[in-house]
Structure formats: C-alpha cells, structure tokens
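Colleague: I should be grateful for a close look at the strand pairing in this model. Please also comment on any unusual backbone angles in the loops.

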Amino acid sequence: FEKFDGEYMLDLLYANVPAELLNTQLDTCWVKVGGENPAEYVRKYSGRAPVVHLKDFYMSGKGKPAKLYQLIGIDDGAQDAQEEEAFGFRPCGYGVQDFPAILEACKKAGTSWVVVEQDNPALNKTPVECAQMSIDYIKEINK
C-alpha cells in the first residue's frame, strides 16, 4: 500500500494488467493498515481476488508504528522508537476487522477461498490455540 503519483501501486497493477493475467490474494490486514476498507477493496476487485487472506490485528492510535514493516521482515529504515506495543496480530474476531462485512463482500465478489493467518501468537495463546480461535469465530459468524 505504497502510492505512486497518488495511486496505490496495487491499483495501478490492476488497472494496467488484464484480469486473465493478474489475480491476487488480498490480505485484509494490510488493506486496513494501508487505510482502506477491506470489504470495499474486495468488492472493488470482484472476480480478481479468488483467495482472500483474513488476518486480524490491534493497532493503538491512528498512526502506524514506526517499525511496522519489520513485523514482516522488511527493514524500512525507520529509527528505533520507544513506544508501547502499538500493533499486534490477533486471532480473527479479536481485533479491529469487520469480518462479517468482509465475508459478505467475498461472497458477492466471487471469492473461492478465504485463508486465515496468524503471524505471531497473541493473547498468551499458542499458535494452534490462536488458529482454533479464528476457526471458531469464522464458523460462528458464517452460520
């Protein structure tokens, strides 16, 4: 979700590469962190996101933490900042994402699969416990 000439680079790719050559797996976490509404973004690319990546998180405040991209192994050159845990991954349903809206958008957009990811365990749970929490939540809201 970097911009070039005022447009997200991902949007530029979608605009310039035909649908038969470009489909993506939208990651709802990074769509939201990038400042967009994940459900709207899925609908925007109906038919071009056969897989949608469900990921929840918590982010205190409105600004991104200085070293946010280091969470995924990218050194963005940000200086060390002494800040409280301003960002943390969460099991689906335990963070800020609106998964009922996202899943409804996926249905309308023709998404074939949703994939749940938990980058790091959270809430003093193991990775398997976090995965089970996400599965249970998605099943509950998808009845």
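Modeller: In this predicted model, strand β3, residues 25-27, pairs with strand β4, residues 51-54, in the parallel sense, and three bridges link the two. Within this pairing, Leu-26 stands opposite Val-52 of β4. Strand β4 is also joined to β7, again in a parallel arrangement, by four bridges. Here Val-51 has Trp-113 in β7 as its bridge partner. Strand β4 thus takes part in a pairing with β3 and in another with β7. As a general point, the side chains of a regular strand alternate between the two faces of the sheet.

From β7, which spans residues 113-116, one may turn to the loop between that strand and helix α5, residues 127-141, where Leu-123 is found. The phi angle of Leu-123 is near 55°, a positive value in a residue other than glycine. Most residues other than glycine have a negative phi. As to its surroundings, Leu-123 counts as partly exposed, because its relative accessibility is 39%, which falls between the limits of 20% and 50%.

A second positive phi in a residue other than glycine occurs at Asp-5, where the angle is near 50°. Asp-5 lies in the loop between β1, residues 3-4, and β2, residues 7-8. Asp-5 is classed as exposed because its relative accessible area is 70%, and the exposed class begins over 50%. Both Asp-5 and Leu-123 therefore belong to loops, with Asp-5 exposed and Leu-123 partly exposed.

Key
Residues numbered from 1 in each chain as written. Predicted model: local features only at pLDDT ≥ 70, side-chain atom pairs only at ≥ 80, totals over all residues. Heavy atoms only, no water. Buried < 20%, exposed > 50% of the residue type's maximum accessible area, 1.4 Å probe, protein only. Pairing = 2+ DSSP bridges.
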